[in-house]
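Dear colleague,

I am passing on to you the structure we discussed, with its sequence. Please look through it first; my notes on what was found follow below.

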Amino acid sequence: MEETSFQASQSSFSGLGKVTRVSKLNTREEEERLRNKIRADHEKALEEAKEKLKKSRDEIRAEIQTEKNKVAQEMKKKESKPLPPVPVPNLIGINSEDPTDKDIREKRDKIKEMMKHAWENYRQYGWGHNELKPIARKGHSTNIFGNSQMGATIVDALDTLYIMGLHDEFREGQDWIDKNLDFSVNSEVSVFEVNIRFIGGLLAAYYLSGQEVFKLKAVQLAGKLLPAFNTPTGIPWAMVNLKSGVGRNWGWASAGSSILAEFGTLHMEFVHLSYLTGDPVYYNKVMHIRKLLQKMDRPNGLYPNYLNPRTGRWGQHHTSVGGLGDSFYEYLLKAWLMSDKMDTEARKMYDDAIEAIERHLIRKSNGGLTYIGEWKNGHLERKMGHLTCFAGGMFALGADGSRDDKAGHYLQLGAEIAHTCHESYDRTTLKLGPEAFKFDGGLEAVAVRQNEKYYILRPEVIETYWYMWRFTHDPKYRQWGWEAAQAIDKYCRVSGGFSGVKDVYSSSPAYDDVQQSFFLAETLKYLYLLFSNDDLLPLDNWVFNTEAHPLPVLHLANTTLSGNPAYR
């Protein structure tokens with residue numbers, strides 16, 4: 001018995017030897033075949049090179065151009081793929097009756113006239129450029145839009161034109177976008193700015209007008225932003241080259257970090273992109289960011305402004321509800337509102353963040369003004385930025401649905417912030433607010449440094465007046481908004497448009513000679529809405545992105561986005 005099993009094992013070994021020999025033979029043949037193929041390919045390449053060398057430079061150039069055109073055609077085919085039909089959300093309040101009060105109607109007409117002045121001068125002197133220099137009367141651009149003429153003012157202003165009933169101007173903008181808005185340019189842009197101004201603006205224009213071109217352009221551009229997310233953590237770079245897809249961060253940001261307000265202000269637009277395309281890639285990108293943030297430790301419950309996209313660690317421990325932090329908190333609240341209040345995960349993150357902000361950043365000055373300071377390396381800086389003034393409106397918007405029946409508390413907090421920001425305007429010569437103001441010693445709600453005394457047509461204070469008006473109908477908010485509108489018309493209006501001013505405490509200030517695109521997108525839109533009826537873009541049906549582009553509330557239970565337990 002043993003002998004037989006030994007023989008069997010011997011024969012199996014000899015069989016194994018044969019198999020090994022055969023496989024070695026096969027490997028040798030395979031290597032030989034590969035060698036011959038490489039040799040043949042090499043010879044073919046040499047022949048082609050010799051042929052090329054016989055050709056003239058012009059012939060070679062023509063061939064390269066033909067290849068380029070082929071690739072461009074292929075890309076165009078891909079990009080112009082029709083998008084799947086999706087149910088259009090219930091769009092309520094795109095149009096509204098004129099206000100019955102004659103005084104309010106005249107004020108609203110004045111805002112519309114200011115919009116026409118800004119638009120007509122841009123059309124005459126800056127058409128196709130990103131922004132306008134109203135005094136030099138020529139186009140203007142900044143590094144956030146790279147080096148290309150992408151018509152930022154056109155895209156940013158479209159929904160304002162539509163809401164105001166300026167339909168001829170709207171069609172001019174649509175026509176330019178259809179024929180000239182091209183994203184395949186060798187240009188390095190800010191992912192955040194292009195998302196809120198361009199994707200937000202195009203989506204809002206699509207929902208308001210129903211014109212497909214806006215949806216197609218928004219989706220094309222979104223595809224160009226996706227390479228920015230190719231980082232070790234999935235936290236996107238601040239900038240991306242639209243042509244090459246190469247991303248990087250701002251040189252000044254803490255140790256190569258990405259910025260909270262930038263990577264945290266993509267959610268609204270990206271959810272709508274997934275809704276309109278049926279492609280979950282956009283939704284997955286922003287949910288990945290959210291999941292990563294939820295796992296991280298937060299010093300004092302606060303979110304620092306800087307996060308390194310390579311390591312996934314916080315940068316400097318600076319926290320702000322103004323620049324660098326602001327719209328991250330806003331988008332947590334608005335993610336919940338936009339989901340028809342189904343995304344409870346976003347609401348919880350918002351509530352937790354606001355509680356930490358109240359505990360550590362919100363203080364009352366000696367003169368009784370409520371302000372939001374900035375946390376820097378373990379201490380509170382008693383300074384508030386114009387950008388931070390949006391938070392009054394945010395607290396009011398988030399009051400309904402807040403924890404522990406604190407709705408009244410948050411509406412009151414919104415009113416106190418609105419009052420502080422109004423004081424920052426009222427304590428200047430021009431009745432326009434400075435970029436930042438202090439609460440030190442005897443000086444309150446006043447800018448101290450020269451480089452913080454400018455007003456660049458910003459909307460945040462007027463935005464808060466509008467939200468406070470919608471929630472309280474206290475007439476002082478319309479009065480304060482009208483004061484600001486008159487001051488802008490008196491001190492910022494020039495024959496070629498509207499310009500920022502360099503010192504709000506000077507009776508004859510120098511101009512900065514820039515008509516910002518957000519002046520048309522936000523400042524004038526919020527003023528117009530402040531003097532309109534509440535049934536124009538009602539807040540139960542529309543959520544405004546951080547560039548004041550209205551996007552409809554989505555009922556997401558039956559879409560591809562319901563993979564998120566928060567939406568089930």
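To begin with a single pairing: Lys438 has Val446, in strand β15, as its bridge partner. Please bear in mind throughout that this is a predicted model.

The strands around this pair

Lys438 and Val446 belong to a wider pairing, in which strand β14 (residues 436–440) and strand β15 (residues 443–446) run antiparallel to one another over three bridges. The two strands make a hairpin with two residues between them, and Gly441 in the turn has a positive phi of about 55°. The hairpin is part of an open sheet of three strands, ordered β13-β14-β15, with antiparallel pairing. At the edges stand β13 (383–385) and β15; each has a single partner strand, so one side of each is left without a neighbour in the sheet. From one strand to the next, the twist averages 15°. Helix α14 (residues 407–426) lies across β13, β14 and β15, and its direction makes an angle of about 105° with β14.

Salt bridges

How many salt bridges does a search of the whole structure find? The search gives 36. In general, side chains of opposite charge can pair when their charged atoms come close.

One of these salt bridges lies within helix α3 (residues 102–125): Lys102 and Glu106 are four residues apart there, and are therefore separated by about one helical turn. Their closest N and O atoms are 2.8 Å apart. Lys102 counts as exposed, at 53% relative accessibility, while Glu106 counts as partly exposed, at 43%.

Helix α3 also takes part in salt bridges with other helices. Asp489 forms one with Lys110, with 2.9 Å between the closest N and O atoms. This pair links distant parts of the chain, since Asp489 is in helix α16 (residues 476–491) and Lys110 in helix α3, 379 residues apart. Lys110 is partly exposed, with 26% relative accessibility.

Glu172 forms a salt bridge with Arg123, and here the closest N and O atoms are 2.6 Å apart. Glu172 lies in helix α5 (residues 167–180) and Arg123 in helix α3, so the pair ties together parts that are 49 residues apart in sequence. Glu172 is partly exposed at 25% relative accessibility, and Arg123 is likewise partly exposed at 31%.

Finally, a network of salt bridges links Arg347, Lys348, Asp351, Asp352, Glu355 and Arg403.

With kind regards

Conventions:
Residues are numbered from 1 along each chain as its sequence is written. This is a predicted model: local features need pLDDT of at least 70, side-chain atom pairs count only at pLDDT 80 or more; totals for chains, interfaces and linings use all residues. Side-chain values use heavy atoms; hydrogens and water are left out. Two strands pair if DSSP finds at least two bridges between them. Axes are lines fitted to C-alpha atoms, for helices over the stretch in contact, and angles run from 0 to 180 degrees between N-to-C directions. Contact means heavy atoms within 4.5 Å. A salt bridge is a side-chain nitrogen of Lys or Arg within 4 Å of a carboxyl oxygen of Asp or Glu. Buried means under 20% relative accessible area, exposed over 50%, partly exposed in between (1.4 Å probe, protein chains only).
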